[in-house]
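Me: Here is a structure to go through. Please take the fold, the cores and one helix in turn.

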Amino acid sequence: METYFDCGIATDKTMPCQNQQLNNSANQEHAVLSSTKQVRFASNSNSGISALSNGEVEEITETGETDINNEILQEIGSQLKLLPLNDQIRELQTIIRDKTTSRGDFVFCADRLIRLVVEEGLNQLPYSECTVTTPTGHKYDGVKFEKGNCGVSIMRSGEAMEQGLRDCCRSIRIGKILIQSDEETQKAKVYYAKFPPDIYRRKVLLMYPILSTGNTVIEAVKVLIEHGLQPKHIILLSLFSTPHGAKSIIQEFPEITILTTEVHPVAPTHFGQKYFGTD
């Protein structure tokens, strides 16, 4: 049943026409395309593998990338967590990777993606059950964060993620680590570290947006371990990771958790320069 307008008066009647046939054909074509919706990167069972409404797993056309993702997910297992892939995340990833993106758009989209990662990172922290009283006097059974969480950013690019964490946890404490490559040996070297004095008793959200080789993160985790923190209490928040970077970190610290949006051989290493306007 369609509504047609004749001289400003709406009338309901069934009228098959060429446009209707074209619309039906277009709808059928759209349904076919939807049933084979394509995605570029794989997800894992912990993140909820992307699936179609008919229960079929989405087709992945980049076979080389698929093999890499499947291989690293099998090797690392549940310690590597990928955000569930959707069109919103894909668009943000695309804009961040596009070399023609203006800095304003880059920062805006990076902040949005950071917020999504931080929100999911908070889901990995421990909660405890609680009961509260509503304004109407009713009891409500809910949950609340257990105390003892903090953030640590690896300077400088990791500082881009600090505001996203503060937006979600207003009073959370944030430590910092400065690690740079030695000019002679090209090895990562720790130049500065400042944490809450009781960090060894806390759950830590370690923030570093781009995991390329993994060397910087490995050195940062070593510093945290020297301060008494156990790797199983570290959740690494990143936006993009290479297979080598994620694998290197997990091989060094099997108990650490890595949360990212994408595992891809080519990481957007320009992130820090573009975000802070130093490119």
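Questions and answers on this structure follow.

Reply: This is a predicted model: local features need pLDDT of at least 70, side-chain atom pairs count only at pLDDT 80 or more, and totals for chains, interfaces and linings use all residues. Residues are numbered from 1 along each chain as its sequence is written, and side-chain values use heavy atoms, without hydrogens and water.

Me: How many helices and strands does the protein chain have?
Reply: Both are DSSP runs, numbered from the N terminus: helices are H or I with at least four residues, strands E with at least two. The count for the protein chain is eight helices and 15 strands.

Me: What share of the 279 residues of the protein chain is buried?
Reply: Buried means under 20% relative accessible area, with a 1.4 Å probe and protein chains only. For the protein chain, that share is 41%.

Me: Which element gives the largest share of the largest nonpolar core?
Reply: A nonpolar core joins buried Ala, Val, Leu, Ile, Met, Phe, Trp, Tyr and Cys residues through side-chain atoms within 4.5 Å. The largest has 32 residues, with Ile96 and Phe271 among those with the most contacts inside it. Elements giving two or more residues include helix 3 (87-97) and helix 8 (271-276). The largest share, nine residues, comes from helix 4.

Me: Which residue just after helix 6 takes a positive phi?
Reply: Helix 6 covers residues 215-226 and reaches 17 Å from its first C-alpha to its last. The expected span is 1.5 Å times one less than the number of residues, here 16 Å. Its buried residues include Val217 and Leu224. Just after helix 6, the residue with a positive phi, about 95°, is Gly228.

Note on methods
Buried < 20%, exposed > 50% of the residue type's maximum accessible area, 1.4 Å probe, protein only.
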